Amino acid sequence: MRNYDLEFLKKFSMVIGFLVLVTLGLMIAAYFVHHQLPQEVDPRAAQRTDNRIGPVGAVYAGATGAASQQAAVAAAAAKAASQVAYGGTLDGKVIFDSLCAGCHKSGAGGAPTMDASHWAARISKGKDTLHKHAVEGFTGTSGVMPPKGGNPALTNEQVAATVDWMLGNIK
């Protein structure tokens, strides 16, 4: 080896050594900084705390209390009604077009399309079984049906109405 090759290797080795030291220093600094950050609170633990220390009930007294109580009952009823999917409609076509068509028109996930050949074996099990599988979910050999089509806000009656609409519109 020539002299300038040895000089290059010395300098190169020094640069590599310096970079290794910088890397180790950054790793140690990151370790200490990480342990100085506050730990994230588990959302379930926060929910348990809120449930434990939250008010148990409310007191309504006098004429204003009765009005407040009626307002609270009306608000609870409105909230419950808003949590029902698609406004509580029992029109199977509306629910099918909004929720079910994604899988049952394309056959995604092994879903039977609106073709009679895909439904023959299923129809032979009876409407009650189809309603049950649509409400509770079903895992078959060809695919998976999530409970209530993946929308838990649907009522059992809405699911049954949609299944009935689908059975009536098989081609």
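## Proline 112 and its loop

With a relative accessibility of 10%, proline 112 counts as buried, since the cut-off for that label is under 20%. This is a predicted model, so read every value here as computed from it. Proline 112 sits in the loop that links α4 and α5.

What does proline 112 touch, once residues up to four places away in sequence are set aside? The list is His104, His118, Trp119 and Arg122. As for a partner a bit further along, serine 124 is 12 residues away in sequence, and the two C-alpha atoms are 14 Å apart.

## Helix α7 and what it packs on

Helix α7 covers residues 156–168. Its 13 residues, at 1.5 Å a residue, should span 18 Å, and the end C-alpha atoms are indeed 18 Å apart, so expectation and model agree.

Which residues of α7 are buried? They are Gln158, Val159, Ala160, Ala161, Thr162, Val163, Met166 and Leu167. Those buried residues pack against α4 (92–104), α5 (116–123) and α6.

## α7 against α6

Two packed helices are described by the angle between their axes and the distance between the axes. For α6 (residues 127–136) and α7, that comes to an angle of about 125° with the axes 9 Å apart. Oblique angles are those left over once the roughly parallel, antiparallel and perpendicular ranges are taken out, and perpendicular stops at 115 degrees while antiparallel starts over 145; α6 and α7 are therefore oblique to each other. The crossing of α6 past α7 is right-handed.

On the α6 side, the contact is made by Lys127, Leu130, His131, Ala134 and Val135. Facing them from α7 are Asn156, Val159, Ala160, Val163, Asp164 and Leu167. Sorted by class, this contact has seven nonpolar, two polar and two charged residues.

## α7 against α4

The α4 and α7 axes come within 9 Å and cross at roughly 75°. Anything from 65 to 115 degrees counts as roughly perpendicular, and α4 and α7 therefore get that label.

Which residues bring α4 and α7 together? From α4 there are Gly92, Lys93, Ile95, Phe96, Cys100 and His104, and they meet Gln158, Ala161, Thr162, Trp165 and Met166 of α7. That contact divides into six nonpolar, four polar and one charged. His104 also turns up among the residues that proline 112 touches.

## Lysine 148, ahead of α7

Lysine 148 lies in the loop between β2 (144–145) and α7. Is lysine 148 buried or exposed? Its relative accessible area is 18%, so it falls on the buried side of the 20% cut-off. The backbone is worth a look too: phi is near 50°, a positive value in a residue other than glycine.

## Two residues elsewhere

Serine 117 belongs to helix α5. At 55% relative accessibility it counts as exposed, because that label applies over 50%. Serine 117 and lysine 171 are 54 residues apart in sequence, yet their C-alpha atoms are 8.9 Å apart in space.

Isoleucine 16 is in helix α1 (residues 3–36). With a relative accessible area of 38%, isoleucine 16 is partly exposed. Where does it stand relative to valine 144? The two are 128 residues apart along the chain, and 56 Å separates their C-alpha atoms.

Key: Residues numbered from 1 in each chain as written. Predicted model: local features only at pLDDT ≥ 70, side-chain atom pairs only at ≥ 80, totals over all residues. Heavy atoms only, no water. Axes fitted to C-alpha atoms, helices over the stretch in contact; angles between N-to-C directions. Helix = DSSP H or I, 4+ residues; strand = E, 2+ residues; numbered from the N terminus. Parallel < 35°, antiparallel > 145°, perpendicular 65-115°, else oblique. Left-handed = near helix turned anticlockwise from the far one by under 90°. Contact = heavy atoms within 4.5 Å. Nonpolar A, V, L, I, M, F, W, Y, C, P; charged D, E, K, R; others polar. Expected span 1.5 Å × (residues − 1). Buried < 20%, exposed > 50% of the residue type's maximum accessible area, 1.4 Å probe, protein only.
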